[in-house]
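These are my notebook entries on the metal sites and the ligand pocket, written down in the order in which I looked things up.

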Amino acid sequence: SKSKGKDTFSFFSNELQQEIHRRIEIELKLRQAIESQGLVIFLQPKYDFDSKQIHGAESLVRIRDQHGNIIGPDDFIPLAEETGLIHEIGRQVLRKSCEFVARCSREGEDVKIAVNVAAKQLASLGFANEVKEIINNAGINPSSIELEVTESALMNDFEQTKIVLNELSALGVTIALDDFGTGYSSLSYLKQFPIDVLKIDRSFVIDMDKNIQSHDIVTAIVNLAQSLGLKIVAEGIETQSHFNGLKALGCQLGQGYFMCRPLEMEHFFAKYVDGTAV
Ligand code: C2E
Ligand code: CA
Ligand code: CA
Ligand code: CA
């Protein structure tokens, strides 16, 4: 009936309004965070399966808003990419990560930090120079920084991305291919880009002990990495069974809630660098 049609219309319009409102609110919080030190870095340790020692960490950004609430990256990174704010976010995250490496090094600890890089950053011509400048300003060794790029970022602009990645690699930072197995990557890319590390996506790890296909995929990725001389990191390890399975396959490094959740930088420092946390 006519009235039902009207209700349906106002229902959608209301949803749309809420979505617009939500985006405006997040963009506002994002701009505030960028301008007033509201971007905070959490660090999730990477473990060595054999030694059970921590082998660096991944830097994961969050917003802390004026009320102290934490907003996760899934809620603002897509918007940051759309609006171009990702460039400034990326600079701040890299700067904070490099300063953290410098601070650890003053304490006599070599920590390697992996920083996520968005497709848009990778596609910008000055990116490698920017990275170089930030690393130099912090006075750290470039090999203390790993950049995590996704398969889809590589596909975005093949030639351009290849130039930038080669420049980065020449700087001495290492390059990890994130979320491996989820994109369209043909294996030939692995040879065409200067990749040092493959990160097995969480989706394969999650049901590798229940689903034979996932287990086979993980096995194949580990074998591939070994034959290409690449390091391998498994993400999303949530159980002892994931841990054992990956270790048995010869996977070297892993991260996940089973070992440790991402920690606030100060907490990470106290626990792993200073050794003062309980
Ligand atoms: P990602 O790079 O794949 O990062 C791994 C995500 O998995 C993180 O979520 C991490 O907290 C989460 N995680 C770690 N261990 C486990 C586990 O055992 N189980 C489960 N279910 N999840 C686990 P987070 O921090 O919410 O980040 C989400 C995504 O946001 C990241 O996915 C990355 O794509 C993006 N991101 C985070 N920080 C940055 C950044 O500084 N720059 C850019 N461009 N993107 C970022
Ligand atoms: Ca990552
Ligand atoms: Ca990942
Ligand atoms: Ca992932």
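Entry on ligand 4. I began with the calcium ion (ligand 4), whose donor residues I found spaced D-x21-D-x33-E in sequence. Its protein donors are Asp179 (OD), Asp201 (OD) and Glu235 (OE), lying 2.5 to 2.7 Å from the ion. I took donors to be N, O and S atoms within 2.8 Å of the metal, or within 3.2 Å for Na, K and Ca, and I note that water is not among the atoms, so sites may look incomplete.

Entry on the model. I am reading a predicted model, in which local features need pLDDT of at least 70 and side-chain atom pairs count only at pLDDT 80 or more, while totals for chains, interfaces and linings use all residues. Residues are numbered from 1 along each chain as its sequence is written, chains are lettered from A and ligands numbered from 1 in the order in which they are written, and side-chain values use heavy atoms, with hydrogens and water left out.

Entry on ligand 3. Moving on from ligand 4, I found the calcium ion (ligand 3) 3.3 Å away from it, with Asp179 coordinating both ions. The calcium ion (ligand 3) is coordinated by Asp178 (OD), Asp179 (OD) and, listed twice, Glu235 (OE), at 2.1 to 2.8 Å. Along the chain these donors follow the spacing D-D-x55-E. Asp179 belongs to strand β6 and Glu235 to the loop between β8 (231-234) and α11 (240-248), so that the pair links distant parts of the chain, 56 residues apart. I used DSSP runs for these elements, numbered from the N terminus: helices are H or I with at least four residues, and strands are E with at least two. I then checked exposure: Asp179 is partly exposed at 25% relative accessibility, whereas Glu235 is buried at 12%. Buried here means under 20% relative accessible area, exposed over 50% and partly exposed in between, with a 1.4 Å probe and protein chains only.

Entry on ligand 2. Which residue bridges the calcium ion (ligand 2) and the calcium ion (ligand 3)? I found that Asp178 does so, the two ions lying 3.7 Å apart. Glu58 lies in strand β2 (residues 54-64) and Asp178 in strand β6 (residues 174-180), so this pair ties together parts that are 120 residues apart in sequence. Both are donors of the calcium ion (ligand 2), together with Asn116 (OD1) and Glu148 (OE), at 2.1 to 2.3 Å. Glu58 is buried at 6% relative accessibility, and Asp178 is buried at 5%.

Entry on ligand 1. Asp178 came up once more here, with a side-chain N or O atom 3.1 Å from an oxygen atom of ligand 1. In the side chain of Arg62, an N or O atom is 2.8 Å from an oxygen atom of ligand 1, and a backbone N or O atom of Val61 lies 3.2 Å from a nitrogen atom of the ligand. Taken alone, ligand 1 exposes 810 Å², of which the protein buries 85%; I note that these areas come from the Shrake-Rupley method with a 1.4 Å probe, and that for residues only the protein chains shown count as cover. Looking at the shell around ligand 1, I found that β2, α3 (86-106) and β6 each supply at least two residues, and that β2 gives the most, with four.

Terms used:
A polar contact is a pair of N or O atoms within 3.5 Å; within protein, one must be able to donate a hydrogen and the other to accept it, and residues adjacent in sequence count only if both atoms are side-chain atoms.
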